[in-house]
Amino acid sequence: MERVSSKVDFTLSFLGRPTENDGVDCMHGPPECMGNILELCAAHLYPEPRIYLGFVMCLSNDYKEIPDEALVKGCALEHAVDIQKLNECAGSPDAMGMGLLRDSVQRSINVGVRSSCTVRLNNEVYCVHDGDWRDCPNGPGVNDLVIEIEKLYRDS
């Protein structure tokens with residue numbers, strides 16, 4: 001991201017199913033939804049990818065512990081994320097965080113994403129990781145993706 005953050009609009013989008021009461025059902029239940037909300041709130045509050053992606057990666061390193069308070073506070077401290085602002089965003093069911101999650105899930109539905117993690121580049125699927133990397137015509141490596149981003153940026 002450091003090499004290409006100025007060249008891409010990096011957006012987190014999650015999988016889930018919108019519910020009739022304006023909520024979201026996540027595949028792995030409420031803890032997964034809360035983790036997604038925390039990550040989306042961090043991205044909303046700190047739009048610089050280096051900040052929120054560091055926080056997201058920190059949480060992901062111990063994903064089975066999400067949304068454990070100690071993990072969230074530790075990752076927030078490590079990546080200069082204000083825990084009070086994060087909690088305000090994620091807070092209650094009618095807080096901003098749930099709206100961010102609903103929008104995120106709808107974005108995934110609208111583009112037909114069904115597997116996590118699906119990497120999209122230039123409005124098309126670039127690569128999918130669902131146990132193993134697949135559908136990666138240019139290779140699944142980070143450097144492969146960076147090369148493609150730089151090529152698209154040059155050609156635009």
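Two residues are in contact when heavy atoms of theirs lie within 4.5 Å. With that in mind, let us walk through this predicted model. Residues are numbered from 1 along each chain as its sequence is written, and side-chain values use heavy atoms, with hydrogens and water left out. Local features need pLDDT of at least 70 and side-chain atom pairs count only at pLDDT 80 or more, while totals for chains, interfaces and linings use all residues.

A good place to start is Val-24. Setting aside neighbours within four places in sequence, Val-24 touches Gly-16, Arg-17, Pro-18 and Thr-19, and also Cys-33, Met-98, Leu-101, Arg-102 and Val-105.

Val-24 also belongs to the largest nonpolar core, which has 30 residues. Such a core is a set of buried Ala, Val, Leu, Ile, Met, Phe, Trp, Tyr and Cys residues joined through side-chain atoms within 4.5 Å; buried means under 20% relative accessible area, exposed over 50%, and partly exposed in between, with a 1.4 Å probe and protein chains only. Val-24 is among the residues with the most contacts inside this core, together with Leu-12, Tyr-52, Phe-55, Leu-59, Leu-86 and Leu-101. At least two core residues come from each of helices H1 (30-45), H2 (49-61), H3 (69-78), H4 (83-90) and H5 (96-110). H1 gives the largest share, seven residues. Another core, of seven residues, lies apart from this one and includes Val-4, Leu-121, Cys-136 and Val-146.

Stepping back, the chain holds six helices and five strands, in the order β-β-α-α-α-α-α-β-β-β-α along the sequence. Here helices (H or I, at least four residues) and strands (E, at least two) are DSSP runs, numbered from the N terminus.

How does the overall size fit? The radius of gyration, taken over C-alpha atoms, is judged by a globule rule of 2.2 Å times the number of residues to the power 0.38. For 156 residues a compact globule would come near 15 Å, and the chain has 16 Å, which agrees. The C-alpha trace spans about 45 × 35 × 30 Å along its principal axes. Of the 156 residues, 36% are buried. Among contacts between residues at least 6 apart in sequence, 55% join residues at least 24 apart.

For a view of the outside, look at Glu-20, in the loop between strand E1 (17-18) and strand E2 (24-25). Glu-20 counts as exposed because its relative accessibility is 87%. Between Glu-20 and Gln-106 there are 14 Å, C-alpha to C-alpha, although they stand 86 residues apart in sequence.
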